[in-house]
Each structure stands twice: as C-alpha cells, then as structure tokens.
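Visitor: Could we go through this structure together? I would like to begin with the charges and rings.

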Amino acid sequence: MSTNYSYYLIPLVHLQTLATSIRFASRRLGFPNNVNPRDVIKEMEASGKLKKEVLEKIKRRQAAHENCYENEPIWIAAILAGNQVGLSTTWMNTMSIAYFLLRCGYIYSYINISTQKKTIFRTITYWASNFCFLATFIKAGLHFNSTAKLL
C-alpha cells in the first residue's frame with residue numbers, strides 16, 4: 001500500500017499561502033508596520049519612496065495572498081471529501097501534489113507578470129489548479145453514490 005500524501009499537503013498549502021504575504025517584503029522595503037499591517041500598502045503609496053513597479057508588484061503579491069486564502073477552504077474540503085469516500089491513494093496524491101505545484105506557478109505568475117498579454121499563464125494555472133479540487137469533488141460524489149446504492 002502506498003502512502004497517501006494528500007493530508008500532508010494541507011499544511012504545506014497553508015505555508016504556501018503564508019509565504020505569499022507581503023510582511024517580509026514590506027519590512028525589507030522599510031515599512032515594518034506590525035501594529036496595522038493591513039495599511040502598509042497605503043503607507044508605501046503615501047511615502048513616495050518606492051517606484052511604481054515595486055508598488056504594483058507588492059499589490060499583486062497581496063492579491064495572490066488573498067486568492068490563496070480564498071481557495072484554501074474549498075481545496076481542503078475536496079481533500080477531506082476524497083479521502084472520506086475512499087478515493088485511491090494515486091488519485092489523492094496526484095490531485096494534491098498537482099494542486100500545490102500549479103499554485104506555485106500561479107503565485108509566481110501573479111506576482112511577476114505585469115503585462116496583460118502574459119497573464120494568460122496565470123489564468124491557465126489558476127483553472128488547472130481549480131480542476132484538481134473540482135474533479136476530486138465530482139469523483140468523490142460519483143464514488144459515494146455508487147457505493148451508497150450497495151448499502
């Protein structure tokens with residue numbers, strides 16, 4: 001029997017979400033606001049100390065961070081659903097590892113792509129990562145319904 005890594009990916013994906021935070025970048029840029037950290041982007045803009053490109057990258061990083069938090073619960077629910085109904089270890093490992101790697105690509109592209117034409121890569125990785133949990137929910141539902149009839 002092979003190891004099911006999908007549960008281990010839950011904290012790893014959460015750490016990935018935390019890593020997208022602007023906290024370290026804002027400190028490195030001279031804005032160490034830990035009292036009101038959600039206002040740091042406004043402070044950066046008001047200071048006039050940073051180039052427009054740097055501010056735009058910080059904003060994209062914050063948006064990627066927020067998107068990670070928005071996506072995390074539905075992905076975790078899919079992992080729990082798939083495991084609860086007994087989807088194969090191969091499926092669960094493939095979907096959870098693929099999700100993590102696709103989100104790495106998504107985060108990287110969200111933060112670093114600054115032209116409209118190139119954002120297609122971000123869109124593709126976003127929907128490919130969504131496929132991982134959507135397909136897992138569908139497969140879990142089908143599996144549940146096929147085994148429920150036997151009971």
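Guide: Certainly; please note that this is a predicted model. The charged end of K139 sits over the ring of W91, at 4.7 Å from the ring's centre.

Visitor: And what lies over the face of Y110?

Guide: That is R122, at 4.0 Å from the ring centre. Y110 also belongs to one aromatic cluster, together with Y106, Y126 and W127.

Visitor: How many aromatic pairs does the structure hold?

Guide: The structure holds six aromatic pairs. One of them is formed by W75 and Y99, whose rings are stacked, with 4.8 Å from centre to centre and 10° between the planes. This pair links distant parts of the chain, as W75 lies in helix α4 and Y99 in helix α5, 24 residues apart.

Visitor: Are W75 and Y99 buried or exposed?

Guide: W75 counts as buried, at 2% relative accessibility, and Y99 counts as buried at 1%.

Visitor: Why is the pair of Y106 and Y126 called tilted?

Guide: The pair is tilted because the ring planes of Y106 and Y126 stand at 40°, and planes from 30 to 60 degrees apart count as tilted. Their ring centres are 5.6 Å apart. Y106 is buried, at 4% relative accessibility, whereas Y126 is partly exposed, at 22%.

Visitor: New topic: how many disulfides are there?

Guide: The structure holds zero disulfides. For C68, the nearest cysteine sulfur is that of C104, 9.3 Å away, while a disulfide needs the two sulfur atoms within 2.5 Å. C68 itself is buried, with a relative accessible area of 2%.

Visitor: What about C132?

Guide: C132 is in no disulfide either, and its nearest cysteine sulfur, that of C104, is 12 Å away. C132 counts as buried, at 3% relative accessibility.

Methods
Residues are numbered from 1 along each chain as its sequence is written. This is a predicted model: local features need pLDDT of at least 70, side-chain atom pairs count only at pLDDT 80 or more; totals for chains, interfaces and linings use all residues. Side-chain values use heavy atoms; hydrogens and water are left out. Buried means under 20% relative accessible area, exposed over 50%, partly exposed in between (1.4 Å probe, protein chains only). Rings of Phe, Tyr and Trp (its six-membered ring) pair if their centres lie within 6.5 Å; planes under 30 degrees apart count as stacked, over 60 as edge-to-face and the rest as tilted. Helices (H or I, at least four residues) and strands (E, at least two) are DSSP runs, numbered from the N terminus. A charge sits over a ring if NZ of Lys or CZ of Arg is within 6 Å of the ring centre and within 35 degrees of the ring normal.
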